[in-house]
Amino acid sequence: MIFSVYNNSMNNQDVKTTESKDLHYMHLALNQARKAMALGEVPIGCIITCDGKIIGRGYNRRNTDHSVFSHAEMSAIRKACRKLGDWRLENCTIYITLEPCQMCAGAIVQSRIDRVVIGARSPKSGCGGTVLDILSNNEFDHKCEVSQGVLESDCSSLLKEFFRELRKRNKESKASQSN
């Protein structure tokens, strides 16, 4: 199910176009998440667009890079800033397979990204409205438009598959160490 927050001035054609773009780019973000999964990382992917063009991509690489900063969003934001030659990513949309954590939500707000499209919610660390709402907080100098639940079941399924396999590997590893 797609649950979106759209500007009331949009007509039905704009909504359909926006929804089809959201689906397209979220599929691409899922491809990024699969790259993380292939590395044994938690499968989180991200795409940033500006004027209909992809300007940043990223996927989770925390364990690979041994860095807390190697979240999908941080990587995509860094690439998008380089591409535009500015730290401000105004008029950009970010597509993320999992609701951002507090660090990434803060970076999204600080970079002035206008629109955030989220796949799955993160019940333990989501800062796009689940645990905290950093993205739409009226106290900050920038507020993002947020759309939740785009390809939610695909995004959630990928994460569930990853953690199911991880638990299985951990169980097998424990069993082989005890023998």
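Reader: Hi! I'm new here, so let me just pick a residue: is Lys124 buried or exposed?

Author: Welcome! Lys124 counts as exposed, because its relative accessibility is 79% and the cut-off for exposed is over 50%. Keep in mind as we go that this is a predicted model.

Reader: Good to know. Where is Lys124 found?

Author: Lys124 sits in the loop between strand 4 (115-120) and strand 5 (145-148).

Reader: And how far apart are the C-alpha atoms of Lys124 and Val109?

Author: They are separated by 20 Å, with their positions 15 residues apart along the chain.

Reader: What about other loops? I noticed Asp51. What is its phi?

Author: Asp51 has a positive phi of about 55°, although this residue is not a glycine. You'll find Asp51 in the loop between strand 1 (45-50) and strand 2 (53-59).

Reader: Is Asp51 buried or exposed there?

Author: Exposed: Asp51 has 71% relative accessibility. His66 is worth a look too, since His66 also has a positive phi of about 55° and is not a glycine. The loop that holds His66 runs between helix 2 (62-65) and helix 3. His66 is exposed as well, with a relative accessible area of 72%.

Reader: Let's go to helix 3, then. Which residue could we look at?

Author: Try Ser75, which is found in helix 3 (residues 72-84). Ser75 counts as buried, because its relative accessibility is 13% and buried means under 20%.

Reader: How far is Ser75 from Ile94?

Author: In space, 12 Å from C-alpha to C-alpha; in sequence, they are 19 residues apart.

Reader: New topic: aromatic rings. How many aromatic pairs does the structure hold?

Author: Two. One of them joins Tyr25 and Tyr95, whose rings are 5.2 Å apart centre to centre. The angle between their planes is 35°, and this pair is tilted.

Reader: Why does that pair tie together parts far along the sequence?

Author: Because Tyr25 lies in helix 1 (residues 12-38) while Tyr95 lies in strand 3 (residues 92-98), the pair links parts that are 70 residues apart in sequence. Both of these tyrosines, Tyr25 and Tyr95, are buried.

Reader: Nice. And which residues form the edge-to-face pair?

Author: Phe162 and Phe163, with 5.0 Å from centre to centre and 80° between the planes. Phe162 is buried, at a relative accessible area of 6%. Phe163 counts as partly exposed, at 32% relative accessibility.

Reader: Which residues are buried in helix 5?

Author: Cys155, Leu158, Leu159 and Phe162 are buried in helix 5. An α-helix has 3.6 residues a turn, so residues three or four places apart point the same way.

Reader: What should the span of helix 5 be, and what is it in the model?

Author: Helix 5 (residues 152-178) has 27 residues, so at 1.5 Å a residue it should span 39 Å. The end C-alpha atoms of helix 5 are 39 Å apart, which agrees.

Reader: Let's zoom in on Leu159. What is its relative accessible area?

Author: Leu159 has 11%, so this residue is buried. Its C-alpha atom is separated by 9.4 Å from that of Thr97, although Leu159 and Thr97 are 62 residues apart along the chain.

Reader: You mentioned Cys155. How many disulfides does the structure hold?

Author: Zero. For Cys127, the nearest cysteine sulfur is that of Cys101, 6.8 Å away. A disulfide needs the sulfur atoms within 2.5 Å, so Cys127 is in no disulfide. Cys127 is buried, with a relative accessible area of 2%.

Reader: And for Cys155, which cysteine sulfur is nearest?

Author: That of Cys46, 12 Å away, and Cys155 is in no disulfide either. Cys155 is buried, with a relative accessible area of 2%.

Reader: Last topic: pockets. What volume has the largest pocket?

Author: The largest pocket has a volume of about 400 Å³.

Reader: Which residues lie nearest its centre?

Author: Val42, Ile44, Leu98, Ser122 and Ser125 lie nearest the centre of the largest pocket, out of 17 residues that line it.

Reader: How does that lining divide into nonpolar, polar and charged?

Author: The lining of the largest pocket has eight nonpolar, four polar and five charged residues.

Reader: Thanks, that gives me plenty to look at!

Terms used. Residues are numbered from 1 along each chain as its sequence is written. This is a predicted model: local features need pLDDT of at least 70, side-chain atom pairs count only at pLDDT 80 or more; totals for chains, interfaces and linings use all residues. Side-chain values use heavy atoms; hydrogens and water are left out. Rings of Phe, Tyr and Trp (its six-membered ring) pair if their centres lie within 6.5 Å; planes under 30 degrees apart count as stacked, over 60 as edge-to-face and the rest as tilted. Helices (H or I, at least four residues) and strands (E, at least two) are DSSP runs, numbered from the N terminus. Buried means under 20% relative accessible area, exposed over 50%, partly exposed in between (1.4 Å probe, protein chains only). The expected span of a helix is 1.5 Å times one less than its number of residues. On a 1 Å grid over the protein atoms alone, a cavity is a set of points where a 1.4 Å probe fits but cannot get out, and a pocket is an open set with protein on both sides within 12 Å along at least five of seven lines; lining residues have an atom within 4 Å of a point. Grid points are joined across faces, edges and corners, and a volume is the space filled by probe spheres set on the points. Ala, Val, Leu, Ile, Met, Phe, Trp, Tyr, Cys and Pro count as nonpolar, Asp, Glu, Lys and Arg as charged, and the others, Gly among them, as polar.
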